[in-house]
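Trainee: I'd like to practise reading a model feature by feature. Can you walk me through one?

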Amino acid sequence: MTEAMVRKKPGMASVKDMPLLQDGPPPGGFAPVRYARRIPNSGPSATAIFLTAFGAFAWGMYQVGKGNAIRRAIKEEKLAARSAIVPILQAEEDERFVKEWNKYLDEEARIMKDVPGWKVGESVYSSGKWMPPATGELRPDVW
């Protein structure tokens, strides 16, 4: 479709000869534009939100306190159970140590039998202090 047909003017015409066609508002005008802020007053108040958040926080802290009490009770029970079996475990370790120590002394006597003046089991250190014996295997090469 050509401009000449749109303007209902036959043939070629100069742009200057064409009648002006300008857009305008519809009859009766445009509808009014709402530009004012209209914020609804719906929803909870600030006080309600604060009280709800405080209640949730208080309930959560109560639950944490209950959990801490349960955890503390379990810890105390475990400590009591461990302290009750310590003497038994110590007796077993002492028995194991005496067996290992006797093996060690037998092996030391076998190895040092030809050394004059050697006393089996006597410490070679002369600090004068008693030192607790080491735990674990005394000598891994002695069976």
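Mentor: Sure, let's start with a pair of residues: R110 and E107 sit three residues apart in helix α2, about one turn of the helix. Keep in mind that this is a predicted model.

Trainee: What do R110 and E107 form, and how far apart are the closest N and O atoms?

Mentor: The general idea is that side chains of opposite charge can pair when their charged atoms come close. Here R110 and E107 form a salt bridge, with 2.5 Å between the closest N and O atoms. E107 is also among the buried residues of α2.

Trainee: How many salt bridges does a search of the whole structure find?

Mentor: That search turns up four. One of them joins the side chains of E100 and K103, at 3.6 Å from N to O. Those two residues are three apart in helix α2, again about one turn.

Trainee: Is E100 buried or exposed?

Mentor: E100 has a relative accessible area of 17%, so it is buried. Its partner K103 comes out at 31% and therefore counts as partly exposed.

Trainee: And what about K99 and E95, how do their side chains meet?

Mentor: In a salt bridge too, at 3.9 Å from N to O. The cut-off is 4 Å. K99 and E95 lie four residues apart in helix α2, about one turn of the helix. K99 is exposed because its relative accessibility is 53%, while E95, at 48%, is partly exposed.

Trainee: Let's move on to rings. How is a pair of aromatic rings described?

Mentor: By two things, the distance of the centres and the angle of the planes. In this structure the count comes to three aromatic pairs. Take F50 and F54: their ring centres are 6.5 Å apart and their planes make an angle of 20 degrees, so the pair is stacked. Both residues belong to helix α2 and are four residues apart, about one turn.

Trainee: Are F50 and F54 buried or exposed?

Mentor: Both are exposed. Now look at F97 and W101, another stacked aromatic pair, with 5.9 Å from centre to centre and 20 degrees between the planes. They too are four residues apart in helix α2, about one turn of the helix.

Trainee: Why is F97 called buried, and why is W101 called partly exposed?

Mentor: It comes down to relative accessible area. F97 has 17%, so it is buried. W101 has 31%, so it counts as partly exposed.

Trainee: Which residues form one aromatic cluster?

Mentor: F97, W101 and Y104 do.

Trainee: Let's zoom out to helix α2 itself. Where does its kink lie?

Mentor: Helix α2 spans residues 46-111, and the kink is at V86, shortly before the proline P87. The bend there is about 40 degrees.

Trainee: Which residues in α2 are buried?

Mentor: F97, E100, L105, E107 and E108 are. You've already met F97 as a ring partner of W101, and E100 as the salt-bridge partner of K103.

Trainee: What about the protein chain as a whole, how many helices and strands does its secondary structure come to?

Mentor: Two helices and zero strands. Of its 143 residues, 5% count as buried. The chain exposes about 13,600 Å², and carbon and sulfur atoms supply 63% of that area.

Trainee: How do I read contacts along the sequence?

Mentor: Take the contacts between residues at least 6 apart in sequence, then ask what share joins residues at least 24 apart; in this chain that share is 52%.

Trainee: One last feature: where does UniProt place the "transmembrane region"?

Mentor: The record, an unreviewed entry, puts it at residues 43-62. In the model that stretch is 85% helix and 0% strand, and its end C-alpha atoms are 29 Å apart. Treat the label itself with care, since such annotations may be inferred rather than shown by experiment.

Definitions and conventions. Residues numbered from 1 in each chain as written. Predicted model: local features only at pLDDT ≥ 70, side-chain atom pairs only at ≥ 80, totals over all residues. Heavy atoms only, no water. Bend = angle between axes of the 7 residues up to and from the residue. Buried < 20%, exposed > 50% of the residue type's maximum accessible area, 1.4 Å probe, protein only. Phe/Tyr/Trp six-rings, centres within 6.5 Å; stacked < 30°, edge-to-face > 60°. Contact = heavy atoms within 4.5 Å. Areas by Shrake-Rupley, 256 points an atom, 1.4 Å probe, with all protein chains shown as cover.
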